[in-house]
Amino acid sequence: MPETSHQTLHGTAIAWNGEAVLLSGPPGAGKSDLAWRILENDPAARLVGDDRLEWQVKEGALWLSAPGTLAGLIEIRGLGILTLPYAPKARLRLLIELVSRAEVPRLPLPAFREVESVPVPLLRLHAFDASAPAKVALALASIGLSGFPGPGARLSR
């Protein structure tokens with residue numbers, strides 16, 4: 001598949017070993033807050049980009065990066081803009097849509113969102129739950145890298 005030109009999207013991405021989770025949602029949904037909590041508590045996690053990301057399809061995969069002027073920057077509401085170590089690019093493996101607590105499905109069915117014909121596993125979480133950072137890491141390890149579990153299967157650590 002030929003490489004596409006860079007396109008932008010709204011969201012915040014975090015990566016572990018080059019594999020990214022994209023946090024999406026409207027302004028105030030908690031994208032940057034959740035990303036900060038992950039980065040603060042997990043030394044293996046790296047910021048890919050905050051607020052605006054560039055993406056491209058390369059060899060059938062979606063790759064994310066921060067626009068040059070935003071690389072390594074994250075806005076922490078109430079504090080301002082911080083500079084952090086960052087991953088220059090990462091492969092998108094999981095999309096997390098941040099929603100209200102009432103909208104989080106108790107037992108989600110496998111869902112995907114197609115971006116440029118590439119299906120990306122999709123979960124819905126509430127950013128401000130105390131367990132949200134751990135859920136993101138578990139979801140990437142269990143779903144983003146190996147797909148949704150089959151019928152009757154359970155996530156494993």
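In which sense do β2 and β3 pair, and over how many bridges? Good morning. The model before us is a predicted one, and I shall begin with that pair of strands. β2 and β3 run antiparallel to each other and are joined by five bridges. Within this pairing, Ala13 has Leu22 of β3 as its bridge partner. The two strands form a hairpin, with two residues between them. In the turn, Asn17 has a positive phi of about 50°.

β2 also pairs with β4, again in the antiparallel sense, through four bridges. Here Trp16 has Ala45 of β4 as its bridge partner.

Let us now consider how β2 is placed. Five of its five residues are buried, so β2 is largely enclosed by the rest of the structure. On one side we find Thr12, Ile14 and Trp16, and on the other Ala13 and Ala15; all are buried, and both faces are thus covered.

This brings us to the largest nonpolar core, which has 26 residues. The members touching the most others are Ile14, Trp16, Val21, Leu34, Leu94, Ile96 and Val136. Among the elements that each supply at least two residues of this core are β2, β3, β4, α1 and α2. The largest share, five residues, comes from α2.

Trp16 deserves a further word. Leaving aside residues up to four places away in sequence, Trp16 touches Val21, Ile38, Asp42, Ala44, Ala45, Val136, Ala137 and Leu140. Apart from the largest core lies another, of 17 residues, including Ala20, Leu92, Val120 and Leu122.

As general background, nonpolar side chains in soluble globular proteins tend to be buried together. Thank you.

Definitions and conventions
Residues numbered from 1 in each chain as written. Predicted model: local features only at pLDDT ≥ 70, side-chain atom pairs only at ≥ 80, totals over all residues. Heavy atoms only, no water. Core = buried A, V, L, I, M, F, W, Y, C linked by side-chain atoms within 4.5 Å. Buried < 20%, exposed > 50% of the residue type's maximum accessible area, 1.4 Å probe, protein only. Contact = heavy atoms within 4.5 Å. Pairing = 2+ DSSP bridges.
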